[in-house]
Amino acid sequence: SKHQPADMGIITTLRTGYKARMLEKLLAMCEDPDLYAAMKKTTAPRGCRGLDYGGQANELDAITILDEIWRDDGKYAKEETIRRCWRKADILPPHLI
């Protein structure tokens, strides 16, 4: 909608980046059987066994992946993508974007 710039590409771009990072992590785990075995032997409190322990992804994994994308990734969280969405929404004066 016109008043929701996040719906104009930011969410889609982050979702794509999230899926790509998740697949990278899962493939790394599957490609190295020693890594998977080491992760399974590592103990973590019940309910905290996420990707780092060879378990299913949990909320902490999702937050960590999204944080990595926002901080480190120049592919999925570009400043220009955010600016473009705000321009497309057409709700800010031109001198602000």
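This is a short tour of the structure, stop by stop, with something to select at each one.

**Before you start**

The model is predicted, so local features need pLDDT of at least 70, side-chain atom pairs count only at pLDDT 80 or more, and totals for chains, interfaces and linings use all residues. Residues are numbered from 1 along each chain as its sequence is written, and side-chain values use heavy atoms, with hydrogens and water left out.

**Stop 1: Arg-21 and its partner**

Select Arg-21, which is found in helix 1 (residues 10-31). Helices here are DSSP runs (H or I, at least four residues), numbered from the N terminus; strands would be E runs of at least two. Is Arg-21 buried or exposed? With a relative accessible area of 17%, Arg-21 is buried. The cut-offs are under 20% relative accessible area for buried, over 50% for exposed, and partly exposed in between (1.4 Å probe, protein chains only).

Now show the surroundings of Arg-21. Leaving out residues up to four places away in sequence, Arg-21 touches Ile-65, Glu-68, Ile-69 and Asp-73. Contact here means heavy atoms within 4.5 Å.

Keep Glu-68 selected, since Arg-21 forms a salt bridge with Glu-68, and their closest N and O atoms are 3.0 Å apart. This pair links distant parts of the chain, with Arg-21 in helix 1 and Glu-68 in helix 3, 47 residues apart. A salt bridge is a side-chain nitrogen of Lys or Arg within 4 Å of a carboxyl oxygen of Asp or Glu. Side chains of opposite charge can pair when their charged atoms come close. Glu-68 counts as partly exposed at 23% relative accessibility.

**Stop 2: two further salt bridges**

How many salt bridges does the structure hold? There are four, and the next two selections are among them.

Stay in helix 3 and pick Asp-67 and Arg-71, whose side chains meet in a salt bridge (2.6 Å, N to O). Asp-67 and Arg-71 are separated by about one helical turn because they are four residues apart in helix 3. Asp-67 is partly exposed at 33% relative accessibility, while Arg-71 is exposed, with a relative accessible area of 65%.

Then select Glu-80 and Arg-87. Their side chains also meet in a salt bridge, 2.6 Å from N to O. Glu-80 is partly exposed, with a relative accessible area of 41%, and Arg-87 counts as partly exposed at 37% relative accessibility.

**Stop 3: surface patches**

Switch on the surface and select Lys-75, Lys-78, Arg-84 and Lys-88. Together they gather in a patch of positive charge on the surface. Patches are made of residues with over 30% relative accessible area and no salt bridge; like charges are joined within 9 Å, and nonpolar side chains (Val, Leu, Ile, Met, Phe, Trp, Tyr) within 5 Å. Where in the chain is Lys-75? Look in the loop between helix 3 (59-72) and helix 4 (79-89). Lys-75 counts as exposed, at 56% relative accessibility.

Next, select Leu-23, Leu-26 and Leu-27, which make a nonpolar surface patch of about 260 Å². Such areas come from the Shrake-Rupley method with a 1.4 Å probe; for residues, only the protein chains shown count as cover. Leu-26 lies in helix 1 and is partly exposed, with a relative accessible area of 31%.

**Stop 4: some distances to draw**

Begin with Met-8, in the segment before helix 1. Met-8 counts as buried at 19% relative accessibility. Draw a line from its C-alpha to that of Ala-89: the two residues are 81 apart along the chain, and the atoms are separated by 7.4 Å.

Next comes Cys-30, found in helix 1 and counted as exposed at 63% relative accessibility. From Cys-30, go to Lys-40: the two are ten residues apart in sequence and 13 Å apart in space, C-alpha to C-alpha.

Finish at Asp-90, in the segment after helix 4. Asp-90 is exposed, with a relative accessible area of 53%. How far apart are the C-alpha atoms of Asp-90 and Arg-49? The separation is 44 Å, for residues 41 apart along the chain.

Note on methods:
Lys and Arg count as positive and Asp and Glu as negative; His and the chain ends are not counted. The place of a charge is taken as NZ of Lys, CZ of Arg, CG of Asp or CD of Glu.
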